[in-house]
Amino acid sequence: WTKGCRVSRTMTILVATKAERMRESALLHAAQRGDERAIELLFREHRAAVAAQLTHMIGDPASVDDLVQEVFIAAFAALPGFRRDAQVGTWLYRIALNKSRNWWKAQQRRRHREREGHSTSQTEPAGPEEEVSKAHHLERLYDALSQLPHRYREAFVARHIQGMELVEASRHL
């Protein structure tokens, strides 16, 4: 009986997974034809995952909303040409990677200008020592990450910050 339950659960998961893929395929097809409701649904279904990914990649929550918008603007502009050789989530992950690369490059240029010219003083946020220490460590981490080539930074973020398994990180990257 236990073995039968496991098989039944496995079949249920496989059927649900297949149904989800079929639903997403139909939704994607409608979005590619310009159906605004389908586009909105794609956005709603993937927005949180894209935002979490970007938060992990750049470490600057203040910039995440803008980058999420940039990801979806780029995705929806390219949607008619999407060949479906990848899942939508993987495709959006790749677009987000590119947007985070651009963000890092812009940050490096900004930091370089600040170092060369008129450096602005930054005040530490008020709060308990632990929060200040944590913020300082995160700042140092993302400063160090900014020095890495993008492919190493992305691999580090995928494995150690997002907690992806090696195979999953390889597939996404």
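This passage describes the overall fold and the salt bridges of a predicted model.

The protein is built from seven helices and has zero strands, so the order of elements from the N terminus on reads α-α-α-α-α-α-α. Of its 173 residues, 28% are buried. Among contacts between residues at least 6 apart in sequence, 60% join residues at least 24 apart. The exposed surface comes to about 12,000 Å², with carbon and sulfur atoms supplying 55% of it.

Four salt bridges are found in the structure. One of them pairs the side chains of Arg23 and Glu45, at 2.2 Å from N to O. This pair links distant parts of the chain, with Arg23 in helix H1 (residues 2–32) and Glu45 in helix H2 (residues 36–58), 22 residues apart. Both partners are partly exposed: Arg23 has a relative accessible area of 37%, and Glu45 one of 35%.

A further salt bridge brings together Arg101 and Glu154, at 2.5 Å from N to O. Arg101 belongs to helix H4 (residues 88–116) and Glu154 to helix H6 (residues 150–161), so the pair ties together parts that are 53 residues apart in sequence. Here the partners are buried, as the relative accessibility is 16% for Arg101 and 5% for Glu154, where buried means under 20%.

Within helix H2, Arg37 and Glu40 are three residues apart and therefore separated by about one helical turn. Their salt bridge has its closest N and O atoms 3.7 Å apart. Arg37 is partly exposed at 47% relative accessible area, and Glu40 is likewise partly exposed at 31%. Through salt bridges that share partners, Arg37, Glu40 and Arg44 form one network.

Definitions and conventions:
Residues are numbered from 1 along each chain as its sequence is written. This is a predicted model: local features need pLDDT of at least 70, side-chain atom pairs count only at pLDDT 80 or more; totals for chains, interfaces and linings use all residues. Side-chain values use heavy atoms; hydrogens and water are left out. Helices (H or I, at least four residues) and strands (E, at least two) are DSSP runs, numbered from the N terminus. Buried means under 20% relative accessible area, exposed over 50%, partly exposed in between (1.4 Å probe, protein chains only). Contact means heavy atoms within 4.5 Å. Accessible areas come from the Shrake-Rupley method with a 1.4 Å probe; for residues, only the protein chains shown count as cover.
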